[in-house]
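Grab a pencil and get ready to look around a protein. Try each task yourself before reading its solution.

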Amino acid sequence: MPHPLAARSAALDEPPPGLTEEMMERLVREFYSRARSDSLLGPIFEARLAGHWEEHIARLTDFWSQIGLRTGRYNGRPLPAHAALDLAPEHFKIWLGLFEQTARDVLPPDGARFFIARAHRIAESFQLGLNIGAKALDFRATQRSREPE
């Protein structure tokens, strides 16, 4: 019998039924509306996306649609696009908080749980990939300790 946390995690690996393209777009539009209003995140987004918001909304709708509907439309490389933003753990904390609340507000409960779990995985992966925060530093230290002298 699997551990309860493993079973719970496995249940969040598959998108729940009933998600639609309209839900993906509503999630993205509402999240970015909130993020643009945030005092820490808003200026970062505005500096990069002023005049290009609709293109970005379409790209991120494709991204989340690929995750939730398995559409295969997104083929970008998000990590390099974020590398030059000088992000810190606080940015991810706020991003996750806004995303979680938005998902709960605009999606059915199963959909919100699925996307929140995915957002946490993505945030952790980004922080590791960008060497941001305690986990990333621990990961780098672990890698160095394994290297032969």
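Here are three short exercises on this predicted model, each with a worked solution.

**Exercise 1.** Find out which residues touch the most other members of the largest nonpolar core.

*Solution.* Step one: look at the core itself, which holds 38 residues. Step two: pick out the best-connected members, which are Y32, W64, W95, F99 and F115. Step three: see where the core comes from. Helices α2 (21–37), α3 (41–49), α4 (53–69), α6 (89–106) and α7 (109–129) each supply at least two of its residues. Step four: zoom in on F115. Leaving out residues up to four places away in sequence, F115 touches L19, M24, L27, W64, I67, G68, F99 and L107.

**Exercise 2.** Work out how far α6 reaches and what covers its buried residues.

*Solution.* Start with the length: α6 has 18 residues, and from first C-alpha to last it reaches 26 Å. That's close to the 26 Å expected at 1.5 Å a residue. Next, list buried residues; among them are H91, F92, W95, F99, E100 and V106. Finally, check the cover, which includes α2, α3, α4 and α7.

**Exercise 3.** Decide whether D86 is buried or exposed, and do the equivalent for N131.

*Solution.* First, place D86: this residue sits in the loop between α5 (78–83) and α6. Its phi is near 55 degrees, a positive value in a residue other than glycine. Its relative accessible area is 68%, so D86 counts as exposed, the cut-off being over 50%.

Now N131, in the loop between α7 and α8 (133–146). N131 also has a positive phi, near 55 degrees. With a relative accessible area of 33%, N131 is partly exposed.

Conventions:
Residues numbered from 1 in each chain as written. Predicted model: local features only at pLDDT ≥ 70, side-chain atom pairs only at ≥ 80, totals over all residues. Heavy atoms only, no water. Core = buried A, V, L, I, M, F, W, Y, C linked by side-chain atoms within 4.5 Å. Buried < 20%, exposed > 50% of the residue type's maximum accessible area, 1.4 Å probe, protein only. Helix = DSSP H or I, 4+ residues; strand = E, 2+ residues; numbered from the N terminus. Contact = heavy atoms within 4.5 Å. Expected span 1.5 Å × (residues − 1).
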